[in-house]
Amino acid sequence: MVEVREKIDVAIVGAGHAGCEAALACSRLGLDTYIFTMSADNIAFMPCNPHIGGSSKGHLVREIDALGGEMGKVIDKTFLQSKMLNTSKGPAVHSLRCQADKMEYSKEMKRILEAQDHLTVKQAEVSELLYEDITDEKLKSQGYERRITGVKIFSGIIYEAKAVILCTGTYLKSRCLTGEAITYSGPNGLQPSNLLSESLLRAGIELRRFKTGTPARMDGKTLDYSKMTEQFGDDPVIPFSFDTDPKDVQRPQVSCWLTYTNEKTHEIIRNNIDRSPIYAGIIEGVGPRYCPSIEDKVVKFPDHERHQVFVEPEGTFTNEMYIDGMSSSLPEDVQIAMYRTVPGLENCRIVKSAYAIEYDCLCPGQLHPNLELKKIHGLFSAGQFNGSSGYEEAAAQGLYAGVNAAMEIFGKEPLSIDRSEGYIGVLVDDLVTKENLEPYRMMTSRAEYRLLLRQDNADLRLRAKGYEVGLISQEKYDALLNKQTLIDKEVQRLKNTKVGANPIIQSFMEKNDSTPLKTATSLAELICRPEFNYDNIAEIDPDREELPESVKQQVEITIRYEGYINRQLRQVEQFKKLEKKLIPADIDYGDVSSLRLEARQKLEKFRPTNIGQASRIGGVNPADITVLVIYLDSLRRGQSNEN
Amino acid sequence: MGNVLRSFNDDTICAIATAMTDAGIGIIRVSGKEAVSICDKLYISGKKERDLTSHEPNTIRYGYIVDGDRIVDEVMISFMKAPHSYTCEDVIEINSHGGMLVMNEVLSLLLKNGCRLAEPGEFTKRAFLNGRIDLTKAEAVMDIIEAQSSFALESSRAQLSGNIYDEVVSLRKEILYEMAYIESALDDPENYDLTGFSSELKSKILPMIDKISKLLSSADEGIIRKDGIKTVIIGKPNAGKSSLLNALSGSDRAIVTDIAGTTRDVIEETVRLDDIVLNLIDTAGIRETEDLIEKIGVDRAKEKIAEADLCLYVLDSTSDVEEIDKDIFKLCEGKKTIVILNKNDLTPDIKISKDILPMLFSDCNSIDFPIITTSLLNREGLDELKHAITDIFFNGELAPKQETYITNLRHKKLFEEALDSLKLVVDSIEKDLSEDFYTIDLSNAYSSLGEIIGQEVGDDLVEEIFSKFCMGK
């Protein structure tokens with residue numbers, strides 16, 4: 001074949017949730033971008049659960065939106081049901097979750113990609129990475145060995161690119177397992193990508209094998225919903241995107257259904273556990289502990305008499321129902337028996353059986369905090385390929401890697417979000433500094449400063465960063481600044497406005513079952529009382545101006561939880577002190593003679609950029625950190641003595 | 001790059017490692033790269049061959065320390081090869097025949113041949129920097145080095161063997177469990193139930209609060225027992241302040257020896273009454289002028305008194321009470337004070353006795369200070385003084401009541417922080433806030449406790465290490 005070379009700026013490998021965000025970020029920043037996919041009809045496909053968001057994942061979607069990403073906007077247009085979770089808990093753990101219409105979501109994302117300037121969707125299997133050795137001394141001293149020059153697709157056409165972003169999801173050398181039945185395919189019967197892994201290994205990239213799984217899809221007309229509890233959406237619906245007008249998301253919703261497993265279900269599972277590929281040792285890949293299969297749950301919680309099962313619609317285009325909570329890799333005959341023990345599923349017929357999927361992915365210790373490979377300049381990676389699980393985790397990394405590939409091409413500072421600034425920061429930091437031995441799932445418990453990292457303030461936290469890199473328009477940024485000003489002014493006003501212990505106020509207090517005032521008290525102090533909130537003290541606050549709901553919410557949270565917020569801010573201060581202690585890129589850990597061997601090996605492997613990051617690496621204990629800090633300090637003092 | 005760090009440890013250090021007394025045997029320790037080669041220059045073996053370089057590690061050899069041809073002492077030499085020694089460096093220990101003179105001579109020979117005299121605690125510093133011991137252990141060793149009383153030694157040893165450590169570890173374990181439970185429940189509400197959790201948590205935290213409060217209540221006593229009582233001697237001229245000082249100094253004086261390092265000058269101001277350590281403030285003033293008040297003025301005296309834990313107010317029982325006595329007396333108000341009626345041996349001349357003293361000072365407000373009578377020139381009454389101090393500071397019990405004392409100010413501060421955080425958790429429970437709020441303060445408590453045992457990397461901790469080890473000159 002005649003060699004064809006196309007010159008582009010960025011090549012994105014894979015058009016799942018990571019790839020789409022990466023492609024949109026790069027092309028919106030003006031870079032000529034190609035997004036390669038095995039199937040142009042399955043863009044932003046949801047091969048597993050039909051929902052976006054949920055505990056802590058909802059935070060990620062909000063953050064993606066704050067930074068100028070697309071996920072929140074697409075789900076706002078395509079959700080079937082929307083619910084704010086954990087509203088009985090504090091605002092830190094409130095989380096938005098939407099049931100998606102899978103087909104509509106995929107179609108909408110495809111429309112957006114196609115309409116985007118500088119972006120081309122290309123159906124092709126990327127079979128090879130192209131790169132050259134680094135000659136630049138400066139890059140060499142930073143640890144780079146190679147520079148990416150492009151990708152080659154199966155047909156032989158070469159795309160020369162300044163950056164490549166790997167978003168291969170679960171497609172690399174994937175195989176699906178249902179008991180003894182093994183299919184060498186990607187998810188949902190899609191074509192796997194079998195060639196790229198070899199090329200990655202040749203480039204010196206270390207790969208490993210992970211697994212994940214999905215439950216069965218049922219024929220909806222074979223289910224008996226009268227035996228299940230109906231689960232409704234919220235009214236009114238709160239949109240995911242900060243840019244969506246709430247009026248546009250108030251529409252009829254579709255219900256989900258709740259039912260439970262029982263002793264009989266568990267008995268069938270226990271009797272057949274030896275036929276599970278995982279327990280039989282057929283699966284080599286490591287699965288996620290936090291998204292366990294039903295057999296894992298039965299084994300892990302032998303005392304639990306039942307487990308929740310949510311029956312969720314896959315979309316309006318089909319009557320397939322997703323059986324959330326019962327993913328499995330047991331043989332299909334066991335699956336049929338096990339599902340049919342669940343109330344409402346007695347006569348179920350399976351459209352698609354549950355399966356586990358195994359795939360090649362990266363050991364993300366090989367990544368810089370900007371998601372670039374440490375050894376290959378210009379090669380970035382995101383999503384499930386990095387060892388995460390979940391659409392939202394993937395999209396967040398895709399956006400982050402996309403922006404950072406662009407920043408590198410432009411010669412600008414990378415986008416950096418630390419653990420105190422966003423769940424994205426926690427996600428990326430965990431991936432690049434921890435030895436994750438299973439697919440990484442975002443969870444609220446992973447965020448140390450979660451009262452600061454609320455889903456309701458993602459715009460206040462991150463829009464400025466989105467604006468700085470060029471994904472947020474001036475207009476939107478101005479609106480954000482205005483919102484912040486309104487919040488600050490209102491908080492100050494409430495702190496400064498005092499109400500006296502006069503008869504009008506006292507009768508108001510009495511009416512609301514609140515203790516009468518002893519002295520003049522600020523409105524802010526009143527809001528801190530559990531019986532009051534911003535809205536219900538309006539009567540004794542005649543001077544207030546009408547404010548948008550989102551501003552009122554921030555005012556109330558800021559005032560009510562001030563003490564807790566301040567304590568978290570102090571924790572952040574401590575954290576930042578260690579983050580600011582930088583470790584030189586060319587440090588030779590062999591010189592730090594007092595480090596324990598294990599710590600030295602781990603530090604050598606991860607090569608953290610600062611002391612804070614070093615302290616989070618597994619196998620590096622506080623004593624090692626002390627030694628390292630003393631070493632760095634002695635370096636610094638040594639240098640200043642020389643000068 | 002590594003040279004910079006090594007420069008701290010590049011030289012070879014030496015020090016007398018045993019007490020500076022004329023004991024039967026004394027050990028001089030040498031640590032560093034050149035330990036062997038330096039010692040070789042002043043050692044000949046029993047068979048009169050110079051063979052220290054062929055000395056097998058972890059063995060002991062008999063021989064002589066020589067200065068040229070002259071034999072200085074007959075010694076046993078042991079050699080521990082890096083990294084299997086206290087400092088993780090080559091270490092040589094010279095067991096000499098004790099005796100201050102001989103030991104000093106060996107030491108100066110080492111210095112002459114290229115060793116440097118170790119700073120206080122420098123062996124420990126090297127052990128720490130070389131990863132041989134962790135921070136709490138290092139801290140405890142530093143405390144032992146600075147220990148001034150046998151209590152201080154005991155409590156530092158307890159710390160070394162892990163008394164505080166165990167308490168903190170068990171508290172942290174409990175807190176971690178609760179945090180983990182909350183986190184699990186937030187992430188997996190289906191499998192972890194939070195019903196009734198908050199009241200259960202409260203019932204677990206209250207005992208922790210009690211435990212820490214109890215430890216903290218020991219802290220002041222612990223710190224005073226370990227570091228000594230800041231004491232000021234006051235009184236008008238010629239009342240006997242100087243005699244008191246002499247009497248105190250004549251008692252078992254604290255000669256503190258750096259177990260791991262060099263000898264130190266005896267601090268003039270620190271005296272011991274058996275196990276009570278008194279840190280005397282401004283003794284120079286007494287020695288030179290015998291007249292604290294007149295010389296330095298009432299204001300300055302006031303300052304000194306404010307600084308002190310204890311005032312020893314010396315009154316001459318043979319002279320009349322003057323206005324100045326009352327002035328001084330008033331300065332002591334609100335302070336722990338012992339009135340010392342001195343010169344009670346001059347019985348015929350006694351003008352102030354224990355009985356009439358309160359009457360004489362009746363126009364001063366509080367007069368319930370303990371009063372003792374002494375004859376300081378004859379060194380009589382020191383026992384009474386000791387009892388009075390024990391009554392005031394240790395509830396009459398000289399022997400420590402508890403097994404675990406907080407004797408370190410850094411630990412005290414961190415325990416206080418942990419206590420505050422746990423109280424805030426209880427506060428959140430009582431305010432009926434949801435569980436996700438509890439973890440903020442639980443994690444603060446967890447970190448504070450972790451800093452005590454060096455299991456948490458605090459920036460301040462690092463600063464502390466630098467100041468403690470006098471690094472970076």
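This tour proceeds through a predicted model, naming at each stop what to select and what is found there.

**The nonpolar cores**

Begin with the interior. Select Val164(A), Ile165(A) and Ile205(A): these residues have the most contacts inside the largest nonpolar core, which has 102 residues. Then add helix α10 of chain A, residues 391-410, which gives the most to this core, with 11 residues.

Centre the view on Ile165(A) and display its surroundings. Beyond its neighbours within four places in sequence, Ile165(A) is in contact with several groups of residues, including Val10(A), Ala11(A), Ile12(A) and Val13(A). Ala22(A) and Cys26(A) also touch Ile165(A), as do Phe380(A) and Ser381(A). Ala401(A), Gly402(A) and Ala405(A) are likewise among the contacts of Ile165(A).

Another core, of 33 residues, lies apart from this one; select Met179(B), Ala418(B), Leu419(B) and Ala445(B), which are among its members.

**Aromatic pairs in chain A**

Turn next to the rings. A search of the whole structure finds 11 aromatic pairs over all chains. Select Phe36(A) and Tyr159(A), whose rings form an edge-to-face pair at 5.0 Å centre to centre, with 70° between the planes. Which parts of the chain does this pair tie together? Phe36(A) belongs to strand β3 (residues 33-37) and Tyr159(A) to strand β10 (residues 158-160) of chain A, so the pair links parts that are 123 residues apart in sequence. Phe36(A) counts as buried because its relative accessibility is 1%, and Tyr159(A) counts as buried at 3%. Adding Tyr34(A) to the selection completes the view, since Tyr34(A), Phe36(A) and Tyr159(A) form one aromatic cluster.

For a stacked pair, move to Phe508(A) and Phe532(A), which lie 5.6 Å apart centre to centre with 10° between the planes. Phe508(A) is in helix α14 (residues 503-511) of chain A, whereas Phe532(A) is in the loop between α15 (523-528) and α16 (549-560), so this pair ties together parts that are 24 residues apart in sequence. Both Phe508(A) and Phe532(A) are buried.

**Charges over rings**

Select Arg544(A) together with Tyr534(A). The charged end of Arg544(A) sits over the ring of Tyr534(A), 3.9 Å from the ring centre. A second example is found in chain B, where Arg29(B) lies over the face of Phe123(B) at 5.4 Å from the ring centre.

**Two loop residues of chain A**

Select Thr244(A), in the loop between β16 (229-231) and β17 (256-260) of chain A. Is Thr244(A) buried or exposed? Its relative accessibility is 17%, under the 20% limit, and therefore Thr244(A) counts as buried. Show its side chain with that of Asp76(A): a polar contact of 2.6 Å joins the two. Leaving out residues up to four places away in sequence, Thr244(A) touches Asp76(A), Pro239(A) and Val249(A).

Then select Ser420(A), placed in the loop between α10 and α11 (423-433) of chain A. Ser420(A) is also classed as buried, at 10% relative accessibility. Residues up to four places away in sequence aside, Ser420(A) touches Tyr449(A), Leu453(A), Val572(A), Phe575(A) and Lys576(A).

**Cysteines**

Colour the cysteine residues. How many disulfides are there over all chains? The count comes to zero. Cys20(A) illustrates this: the nearest cysteine sulfur, that of Cys167(A), is 9.0 Å away, and Cys20(A) is in no disulfide. Cys20(A) counts as buried, at 0% relative accessibility. In chain B, Cys311(B) also counts as buried, at 0% relative accessibility.

**Chain B and an exposed contact**

Finally, display chain B as a whole. Chain B has 17 helices and 13 strands, and buried residues make up 54% of its 473 residues. Of the contacts in chain B with a separation of 6 or more, 69% are between residues 24 or more positions apart.

For a single long-range example, select Glu430(B), in helix α15 (residues 409-430) of chain B, and Lys202(B). These two residues are 228 residues apart along the chain, yet their C-alpha atoms are separated by 8.9 Å. Their side chains make a polar contact of 3.2 Å. Glu430(B) itself counts as exposed, because its relative accessibility is 53%.

Technical notes
Residues are numbered from 1 along each chain as its sequence is written. Chains are lettered from A and ligands numbered from 1 in the order in which they are written. This is a predicted model: local features need pLDDT of at least 70, side-chain atom pairs count only at pLDDT 80 or more; totals for chains, interfaces and linings use all residues. Side-chain values use heavy atoms; hydrogens and water are left out. A nonpolar core is a set of buried Ala, Val, Leu, Ile, Met, Phe, Trp, Tyr and Cys residues joined through side-chain atoms within 4.5 Å. Buried means under 20% relative accessible area, exposed over 50%, partly exposed in between (1.4 Å probe, protein chains only). Helices (H or I, at least four residues) and strands (E, at least two) are DSSP runs, numbered from the N terminus. Contact means heavy atoms within 4.5 Å. A polar contact is a pair of N or O atoms within 3.5 Å; within protein, one must be able to donate a hydrogen and the other to accept it, and residues adjacent in sequence count only if both atoms are side-chain atoms. A disulfide is a pair of cysteine sulfur atoms within 2.5 Å. Rings of Phe, Tyr and Trp (its six-membered ring) pair if their centres lie within 6.5 Å; planes under 30 degrees apart count as stacked, over 60 as edge-to-face and the rest as tilted. A charge sits over a ring if NZ of Lys or CZ of Arg is within 6 Å of the ring centre and within 35 degrees of the ring normal.
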